[in-house]
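Biologist: I should like a close look at a single part of this protein, the sheet together with whatever lies against it. Please take me through that part in one connected account.

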Amino acid sequence: MLISRFIPISFTRFIHSKSNKNSPKYMKSASEIKQNSALNQLQPVQQQLIKYVQYPYFVSRTRMKELPVYVDIKNGRTRVLTEIGRIEGDSEALCDDIRKELFYYSREKNFINVNHTNNHVIIKGRHGLIVKEWLAKKGF
């Protein structure tokens with residue numbers, strides 16, 4: 001249980017004293033135990049159904065286990081760019097996938113670019129959350 005740092009200590013003691021796992025309120029019935037064991041038997045079957053997809057690129061996470069998607073503000077807050085870093089492999093393929101799946105409605109040609117010097121993909125605008133969700137959905 002996560003406890004906020006704004007809750008007084010006396011209140012946290014009250015919370016912990018009320019959440020005793022041995023109390024009859026938290027005891028599991030026999031039917032719940034059978035259902036849980038049935039669910040545990042299904043989990044290995046579900047894990048075998050996972051498809052492993054190989055992409056020509058890989059986006060590695062940072063040291064803090066975050067996706068390397070950054071919003072960069074330039075020119076006195078008039079130019080906003082979203083930058084994807086830590087790309088290994090074909091960054092042009094990542095650029096094409098983003099263009100096809102996320103920004104298919106954009107008619108602008110230079111909306112998404114690749115910086116070949118440091119292998120970063122640069123997108124015009126503030127699209128950090130959308131790109132992070134998309135990368136997480138892809139399995140990165």
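Modeller: In this predicted model, strands β5 and β6 pair in the antiparallel sense over four bridges. Within that pairing, Asn115 stands opposite His120 of β6. Four residues lie between the two strands of this hairpin, and Asn119 there takes a positive phi near 60 degrees. The side chains of β5 alternate along the strand: Ile112 and Val114 point to one face and are buried, whereas Asn113 and Asn115 point to the other and are not buried.

On β3, residues 79-84, strand β6, residues 120-124, also has an antiparallel partner, again with four bridges. Here Thr82 stands opposite Ile123 of β6. These pairings belong to an open sheet of four strands, ordered β2-β3-β6-β5 and antiparallel in its pairing. Its edge strands are β2 (69-74) and β5 (112-115), each of which pairs on one side only. From one strand to the next, the twist averages 30 degrees.

Two helices pack on this sheet. Helix α3, residues 91-101, touches β3, β5 and β6, and its direction makes about 170 degrees with that of β5. Helix α4, residues 128-138, touches β2, β3 and β6, and its direction makes about 160 degrees with that of β2.

Helix α4 merits closer attention. Its buried residues are Gly128, Val131, Trp134, Leu135 and Lys138. These residues lie on the same side of α4, because they cover an arc of only 135 degrees around the axis. An α-helix has 3.6 residues a turn, so residues three or four places apart point the same way. The buried residues of α4 pack against β1 (57-59), β2, β3, α3 and β6. On the face of α4 turned away from the buried side are the exposed residues Leu129, Glu133 and Lys137.

Beyond the helix, α4 is followed by Gly139, which has a positive phi near 105 degrees. Phe140 is found in the segment after α4. With a relative accessible area of 9%, Phe140 falls under the 20% cut-off and is therefore buried. Leaving aside residues up to four places away in sequence, Phe140 touches Tyr55, Tyr57, Phe58, Val59, Arg61, Leu67 and Leu135. Leu135 is one of the buried residues of α4. Phe140 and Ser60 are 80 residues apart in sequence, yet their C-alpha atoms are 7.0 Å apart in space.

The aromatic rings complete this part of the account. The aromatic pairs number seven. In one of them, Tyr57 and Phe140 are tilted, at 5.9 Å centre to centre and with 35 degrees between the planes. Because Tyr57 lies in strand β1 and Phe140 in the segment after α4, this pair ties together parts that are 83 residues apart in sequence. Both Tyr57 and Phe140 are buried. Another pair is formed by Tyr104 and Tyr105, whose ring centres are 5.8 Å apart and whose planes stand at 85 degrees, so this pair is edge-to-face. Tyr104 and Tyr105 are both exposed. Ring pairs also link Tyr55, Tyr57, Phe58 and Phe140 into a cluster.

Definitions and conventions:
Residues are numbered from 1 along each chain as its sequence is written. This is a predicted model: local features need pLDDT of at least 70, side-chain atom pairs count only at pLDDT 80 or more; totals for chains, interfaces and linings use all residues. Side-chain values use heavy atoms; hydrogens and water are left out. Two strands pair if DSSP finds at least two bridges between them. Axes are lines fitted to C-alpha atoms, for helices over the stretch in contact, and angles run from 0 to 180 degrees between N-to-C directions. Contact means heavy atoms within 4.5 Å. Buried means under 20% relative accessible area, exposed over 50%, partly exposed in between (1.4 Å probe, protein chains only). The arc is that of the directions from the helix axis to the C-beta atoms. Rings of Phe, Tyr and Trp (its six-membered ring) pair if their centres lie within 6.5 Å; planes under 30 degrees apart count as stacked, over 60 as edge-to-face and the rest as tilted.
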